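Let's look together at how protein chains can meet and how their interiors are packed. Take a moment to turn the model around before reading on.

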Number of protein chains: 4
Amino acid sequence: MSQYFADLQPITFEGRDSTNPLAFRHYDATAMLGDRTMAEHLRFAVCYWHNFVWDGSDPFGGQTFDRPWFPADTMDQARQKADAAFEMFRILGVPYFCFHDHDVRPEGDTLAESHERLNEIADYFEQKMEDGGQKLLWGTANMFSNRRYMSGAATNPDPDVFAYCASTVKACMDVTHRLHGENYVLWGGREGYESLLNTDLDRELEQMGRFLSMVVEYKHKIGFKGAILIEPKPQEPTKHQYDYDVATVYGFLKRFGLEDEVKVNVEQGHAILAGHSFEHELAMARTLGIFGSIDMNRNDYQSGWDTDQFPNSPGEAALAYYEVLRAGGFTTGGTNFDAKLRRQSLDAEDLIAAHVGGMDICARGLISAHAMIEDDALEGPRRVRYAGWEGEAAQAMLAKGATLDGIAADAEARDVNPQPVSGAQEKLENIVNRYL
Amino acid sequence: MSQYFADLQPITFEGRDSTNPLAFRHYDATAMLGDRTMAEHLRFAVCYWHNFVWDGSDPFGGQTFDRPWFPADTMDQARQKADAAFEMFRILGVPYFCFHDHDVRPEGDTLAESHERLNEIADYFEQKMEDGGQKLLWGTANMFSNRRYMSGAATNPDPDVFAYCASTVKACMDVTHRLHGENYVLWGGREGYESLLNTDLDRELEQMGRFLSMVVEYKHKIGFKGAILIEPKPQEPTKHQYDYDVATVYGFLKRFGLEDEVKVNVEQGHAILAGHSFEHELAMARTLGIFGSIDMNRNDYQSGWDTDQFPNSPGEAALAYYEVLRAGGFTTGGTNFDAKLRRQSLDAEDLIAAHVGGMDICARGLISAHAMIEDDALEGPRRVRYAGWEGEAAQAMLAKGATLDGIAADAEARDVNPQPVSGAQEKLENIVNRYL
Amino acid sequence: MSQYFADLQPITFEGRDSTNPLAFRHYDATAMLGDRTMAEHLRFAVCYWHNFVWDGSDPFGGQTFDRPWFPADTMDQARQKADAAFEMFRILGVPYFCFHDHDVRPEGDTLAESHERLNEIADYFEQKMEDGGQKLLWGTANMFSNRRYMSGAATNPDPDVFAYCASTVKACMDVTHRLHGENYVLWGGREGYESLLNTDLDRELEQMGRFLSMVVEYKHKIGFKGAILIEPKPQEPTKHQYDYDVATVYGFLKRFGLEDEVKVNVEQGHAILAGHSFEHELAMARTLGIFGSIDMNRNDYQSGWDTDQFPNSPGEAALAYYEVLRAGGFTTGGTNFDAKLRRQSLDAEDLIAAHVGGMDICARGLISAHAMIEDDALEGPRRVRYAGWEGEAAQAMLAKGATLDGIAADAEARDVNPQPVSGAQEKLENIVNRYL
Amino acid sequence: MSQYFADLQPITFEGRDSTNPLAFRHYDATAMLGDRTMAEHLRFAVCYWHNFVWDGSDPFGGQTFDRPWFPADTMDQARQKADAAFEMFRILGVPYFCFHDHDVRPEGDTLAESHERLNEIADYFEQKMEDGGQKLLWGTANMFSNRRYMSGAATNPDPDVFAYCASTVKACMDVTHRLHGENYVLWGGREGYESLLNTDLDRELEQMGRFLSMVVEYKHKIGFKGAILIEPKPQEPTKHQYDYDVATVYGFLKRFGLEDEVKVNVEQGHAILAGHSFEHELAMARTLGIFGSIDMNRNDYQSGWDTDQFPNSPGEAALAYYEVLRAGGFTTGGTNFDAKLRRQSLDAEDLIAAHVGGMDICARGLISAHAMIEDDALEGPRRVRYAGWEGEAAQAMLAKGATLDGIAADAEARDVNPQPVSGAQEKLENIVNRYL
């Protein structure tokens, strides 16, 4: 058991009036909202990378965090890291966690050694999961940090990198499957380009499509029942990331016939970098039938890079969970905090406090969202606005057999002269604010 | 004949050393580049709206331009406007023009009257086209300026607006067909949303898909041989435009089974607003098989709205036409200047000078692009970079029957350890600069 | 008395649990917060331009609003507009309003006639202000809409425009003085440039400095006791606005020796366009000693133009009023809603509801801010963080006489080896959220 | 002598038609442009940090570059690094270089040891500079990479960090002075804030002002004749950098009475992040009398972080050097390449080729700029545009004694009615293109 968090006790729910910085004010895991508990709605996960791997460095400065398991280049340190991680999961009371292969074990000298180490640490996890009851929300492979991936993973100009990736993803899927992971995620870290001048766009997209198809086939082969998820991001690290946003991923899936096999893991920060609100991306995923899971964080709207901050806007959380609820809530997915401390937040307690704040914001957003749905506060006005389309003649225009010239003739015959009706946006915004 | 351009004479090619501001220095219409003349490569079009309709107003100020045909709310003024337009086409020597219904005639009191007026002005155009030899690159319908479209056109909550649009598009397609237009364009001016709160995303996308399907059917019904083009734009006027970028449009087309029927008209300014380079959008359109035409302009990278300025970067033009040439050049498409004067550029001569400069930049870009292709300057290094993929074993990994575990096993057996190779981006950038 | 708002009744405070969309839930004008009422803290003003002048047009579409006083090109319509305006002030119970000359009367054929009309409408206002008890927060001149200003006002290349502006500003200052306005504002609508190529930067900044100096002198001459305020904005309508942000305005004032004479009117939307948070600009104004007043609205972080939306973020409002309170609260300044309806919000009731929502958000933010100050919730930790600087040796380093080499020698002698301390940003963010 | 660049020969000028990727096509060091050689105009410098320190890592991946002197944590490796650096200066034929203390020697265990090592490497440089004839354009201190600076350098909440900085800057100024550096630069790496919540803005700005004042005093004390330069940057690494842009730095200097003592080192990439064009920042520096030097690179307009790419736009370079020439050319300043390879550009040859391309772009820009000035191509039209201000009456309006009401009375008496004149922006843009 890790001593890293020293005497920090498991966080408990104390209610809105609590001023204890290490208590939940909104997240009451077992409280019911509709037919699910808050824990079942939110399905919180803590990520391994930002919390236990990142050392506080940024492009202008080096390590700021002192973690006893650094530099984590031995298996002993990997276990020490795992001890701290599971200790943190326990303190926070989160049911799930997520990891990359690279987060949990030092890379070996060969592919085979890397996989062995991954399996060894998976054994260690298995025991801890059994002891603590935590589950794996998703596993994934880090195919962007090592220099071998500098020109892409599956989209690399070197076919050996493609082969290396196949081996790596297979190993990570195997481990995810063994640990009963509920999803397997692909984030295309370097699947994109720095410069069109040295990029064969056609070829790279083909490689990526082929790779994903094989991932899906392999999932079925091993009987993995979880979802395969792609995480859209528009740029950074590359100038252009192929999985730009939800709509782009959808087009890609359709092109390769994978739209029923793969869903999306939507991240607030990535949505913002793509010029979208988080709720837009969630609504789009729902509409296109590919909603899977969320990476919860926030991005600074005015910093042009991926800031991965802990969420702190009750309003944004409410609108996000509103779309999650409209999508029917999570099935295999959940709320993973892909959020990192600011590099000046040095203390173990900062790790806990940041998650407590983030979990509370999510809970607060969920409560607001659930109430708005219960009250028909937004759906009522929305139905009224589109009510005209429920009429028979209107429906006929959308039905098979309707023609442009047929509708045109009718419009001219009726000399239609549509009169605008207020969109009432401010009133709706006021309604949302009533629920925050 | 219009007196608006007074004594301005047709612009001629004088060569690079000319200092005449009203002469072409690069655009030599009949000069051959490969197997086409420059005119055939570029297929220049002048647009009606920015040149003859816009009055110089912006969100903070009113009209600055005095045009004798303003306010253009009579048919006489519409004809006066047409006289000036065709006079300008003649002076510039452009082979094509483009227009919206709204640009060329005042709207009538009824749909029927609007269509009559459109047909009346089309008669007038027909005669002028015969006289001057100009052709119609594309026609389109303005379904965003009138208040009836404030909440969308085909995506409007009011089905009567949908019907109104059907009538309008039919009329515009008929006129485009009659005038032998080579394309018909849809730009979704208000097809998008201001606020998700009052928007039914699912329903609106369905409406849009249905509408486009009927447009395609109608095209075939009337025997229109031109291409149907969608023009992507990410935002403005709406907060989110449904036709966000090329990849989004592709996904939309796939969803409604229209990817073989509809292509894209890509605009530099819209690409930039979407966070892409122009050449990215062109390359993506080529890769996805939906490249159609271009709207040439430039956007200020640091102004967050659509500035629609005349192009003035030789480098950007070179990279854009490079992608056009890689796509096989234009078929039905062309280079339409969707560019407007700055509102302080009051004079008739400014209209001419701006186009002369823009045409020259395009010609200069085309010349550079053509030379780079002739010299294999970029394609050579690109082939080398991906040469590994030409090998049999590499090809097998992409072929049917390859499996993730099969490739993984092989990679592990070979203990692949891929070594990165320089991407040489700076050298390639230097090569491009050698051609500018 | 205007019938425009028909049977809408004055808005009253009903408390947090009210679901009445036309009631205040947070703004209780006479409730005390510390030693001031909420009304005294907030000093709400309604602006004339967005509410009574703007017709709903945007760069892609024309008028959407039907207001009975449009097109407001007669004095009768100007009075009808004023009737509606004061009716709205009454319904909302706001103590202040703001206007440009251009908003309140049609321009005359000559300068003299324009001024006469302004004075005539001022008479009309005077009576209404006496009747209703409303006061003028500030007056200003619109020197950007008319085409004469297309190349700038005081910075125009044509000295006659400079002279025209002098006459206009004098007239507006006179009227503001007569109506007991508490401030006079200058927003440099077109004081900036579209292109450096045709701009004489040196000269234009000199013109602007000279003009402002004369404005200040004239203020003293007529005994106007209000503040002269500059409103920073980085861009739009011009590519570069000279009053870019608070820091830029400060440098400009220092350059012309006006830093004790002129303060800033800070707008949320302009702050965001400049890449700053609103609270940054407010804190900077306080630090530099030039805090004056605020234009409250919000900008869409992802739309690159000035969206001037009604504020709707409780958190942003809290942080903004926190800085206002730290600056000592408003003296001559206040909270002016420089916010406009979305162009689809057609109804008179939308005007009221939008302001009710905005006022409530401000009140809510103020209440949170006030409580955080009362509780020393943020200032306590801040003092601790910088406590080291209170020591004598530390103070000596900042005092006159300290030298770089002296401090260096001491540091080397002590072999200082400073150890970082957590910045605890997430904990502080959690604290703020406890107050929302 | 370093073997790192193996058999690469000194780069020579071969003229525009050369296709040799390792030859200058535009930069002919000894060719005269006006009264200076190109070398004297451009005063090229190579920077130490990007070329010899950075290992190719980015926020999503580690080292990609293999340099024989890595990890450079011994003095031997520091000398090996210097060998390679001076070898590169020799191959490129650049007259200048620039460095941070941190770039050239490993930090010691104590301040004293760090300074000793710095002096030791300075000895090594001295010999090399004598041998090769290179000179030091500027020295500077890295006060942002080490974790001690995580919360700022001179603006740190801990006064010991302030003291540490004093010692560090003194040591770097001493070394710069000894090596006859022509400038000393301060870039405020972490002088700014991540969150206003934990920042005492007033205090930090005071600390920064005091620190800079002592730097200036120390400069005079030791008789350093070079310029003290501040390098503006708006954000990154911090959310808000205090030296936001040129105008902000000017205000800061005025506030502390340092505007005659300190100038700016303007970087293209930083200008762009601040929402400005490079030429804007240069023109502003000239106008405000604080133009010093330039950091030449380019930023991707669509990546929101500091990309520090090699310049490759002839047009941007022309407009930048145009402003340099209008400012009278460089005095102590020069053209430092603060540009780094893309992380996929692994080879020693990439380092050379990137600089060759960059130097050529600068030379090309300079040639264009010089010709535009010789031809009065832009200044002629500019003078005409503002000619009205040369009249006596116009001058009187700007002179002492002019009053707002006096000018107003005259304007009204004359009933001025200014008529706009075309700004002709497109024509001017066409002119610039003629020179590219």
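How many residues of chain C are in contact with residues of chain D? In this predicted model, 96 residues of chain C touch 96 residues of chain D. Here is a short overview of that interface.

| Between chain C and chain D | Value |
|---|---|
| Buried area | about 8,500 Å² |
| Salt bridges | 8 salt bridges |
| Polar contacts | 44 residue pairs |

Which part of chain C gives the largest share of this side? Helix H7 of chain C, residues 201–222, does so with 13 residues. Sorted by kind, the residues of chain C that touch chain D are 46 nonpolar, 22 polar and 28 charged.

Carbon and sulfur atoms give 62% of the area buried between the two chains. On the chain C side, Leu197(C), Tyr386(C) and Leu404(C) lose the most area to chain D, and together they make up 10% of what that side buries.

For a charged pair to find in the viewer, try Arg414(C) and Asp160(D): they form a salt bridge, with their closest N and O atoms 3.1 Å apart.

Now to the interior. In soluble globular proteins, nonpolar side chains tend to be buried together. The largest nonpolar core here has 292 residues, and within that core Phe125(C) and Phe125(D) touch the most other members. Leaving aside residues up to four places away in sequence, Phe125(C) touches Tyr48(C), Ala82(C), Phe86(C), Phe97(C), Phe99(C), Val104(C) and Leu179(C). Another core, of 288 residues, lies apart from this one and includes Ala154(A), Cys362(A), Leu33(B) and Leu288(B).

Technical notes:
Residues numbered from 1 in each chain as written. Chains lettered and ligands numbered in written order. Predicted model: local features only at pLDDT ≥ 70, side-chain atom pairs only at ≥ 80, totals over all residues. Heavy atoms only, no water. Core = buried A, V, L, I, M, F, W, Y, C linked by side-chain atoms within 4.5 Å. Buried < 20%, exposed > 50% of the residue type's maximum accessible area, 1.4 Å probe, protein only. Contact = heavy atoms within 4.5 Å. Buried area = accessible area lost by both parts, 1.4 Å probe. Salt bridge = Lys/Arg side-chain N within 4 Å of Asp/Glu carboxyl O. Polar contact = N/O pair within 3.5 Å; in protein donor to acceptor, adjacent residues only side chain to side chain. Helix = DSSP H or I, 4+ residues; strand = E, 2+ residues; numbered from the N terminus. Nonpolar A, V, L, I, M, F, W, Y, C, P; charged D, E, K, R; others polar.
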